Amino acid sequence: MNRKKFLEGLRDGLPIALGYLAVSFGIGISCHAAGITAFQGFLMSLLNNASAGEYGGITVITENAGVWMMVLMTLIINARYMLMSCALSQKLSPDTPLGVRMLIGFDVTDEVFGIAIAQEGILNIWYFVGAMCAAIPGWSLGTLFGALAGNVLPVWAMNGFSVMLYGMFLAIIIPPARKDKVVAGLVVLSFALSFVCTYLPGISAFSDGTRTILLTVAISCAGALLFPIKTQSE
């Protein structure tokens, strides 16, 4: 165990955990409304760290749909994590065991992926584990507290918690954008295209997750072809 890297991951994951604690509180409220117990909601968030995926699962439960419908919806909504996992696998040492790769794949969330992919050179697995140990409890405990609170708080207060999620995204993309003009340009382009595609005929009919996947692939490929990163052998 690399204790230093583990503590670094734990430190960097703490702000994410605090944000998750607030955001997942709303999921706990949704669990209460769907008739899901506090323990069931806690267990769901402990095993599935994905806000959109959990909301989709709760919707399926509310509509009394079958298990396979829940599996299909969760697969589609969380498909973007496949892209993140592919990118993150390039940061791991080639001799990383399969079990460790599966452990890392279990908690590839947007924010944890962001701090992991930003690490210099090869990703130390203990850094990622440290970030996981901070993020997972924050997400699952937030759901538990929200489910216990029930509908005590007004709806407008619950909606306010989601604003903190955007703050976490900004904290991830702004530092690299300030260092690289190409990255900054691609970030601005992604915002613009995402807005346009929301209203563009045809592609606007796709789900948010599908549009995100298509834009991610298109913008990443264009950036890689037009502005390739120069590499050199060690």
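A search of the whole structure, which is a predicted model, finds 2 aromatic pairs. In one of them the rings of Y20 and W139 have their centres 5.0 Å apart and their planes at 80 degrees, and because planes over 60 degrees apart count as edge-to-face, this pair is given that name. The two partners come from distant parts of the chain, since Y20 belongs to helix α1, which covers residues 3–33, while W139 belongs to helix α8, which covers residues 125–149, and 119 residues separate them. Both Y20 and W139 are buried.

The other pair, formed by F195 and Y199, is also edge-to-face, with 5.3 Å from centre to centre and 65 degrees between the planes. Here the partners sit in one helix, α11, made up of residues 181–199, and because F195 and Y199 are 4 residues apart in it, about one helical turn lies between them. Are these two residues buried or exposed? F195 has a relative accessible area of 54%, and because this value is over 50%, F195 counts as exposed. Y199, with a relative accessible area of 61%, is exposed by that cut-off as well.

The account now turns from rings to charges. Side chains of opposite charge can pair when their charged atoms come close. How many salt bridges does the structure hold? It holds 2 salt bridges, and the table sets out the partners of each with the distance between their closest N and O atoms.

| Residue | Partner | Closest N and O atoms |
|---|---|---|
| K5 | E8 | 3.5 Å |
| D12 | R11 | 3.0 Å |

K5 and E8 both lie in helix α1, where they are 3 residues apart, or about one turn of the helix. The two ends of this salt bridge fall into separate classes of accessibility: K5, at 27% relative accessibility, counts as partly exposed, whereas E8, with a relative accessible area of 19%, is buried. The value for E8 leads to that label because buried means under 20% relative accessible area.

In the salt bridge between D12 and R11, D12 has a relative accessibility of 23% and therefore counts as partly exposed, a class that runs between the 20% and 50% cut-offs. Its partner R11 is exposed, with a relative accessible area of 53%.

Helix α1 thus appears in both parts of this report, because Y20, a member of the aromatic pair with W139, lies in helix α1, and the salt-bridge partners K5 and E8 lie there too.

Key. Residues numbered from 1 in each chain as written. Predicted model: local features only at pLDDT ≥ 70, side-chain atom pairs only at ≥ 80, totals over all residues. Heavy atoms only, no water. Phe/Tyr/Trp six-rings, centres within 6.5 Å; stacked < 30°, edge-to-face > 60°. Helix = DSSP H or I, 4+ residues; strand = E, 2+ residues; numbered from the N terminus. Buried < 20%, exposed > 50% of the residue type's maximum accessible area, 1.4 Å probe, protein only. Salt bridge = Lys/Arg side-chain N within 4 Å of Asp/Glu carboxyl O.
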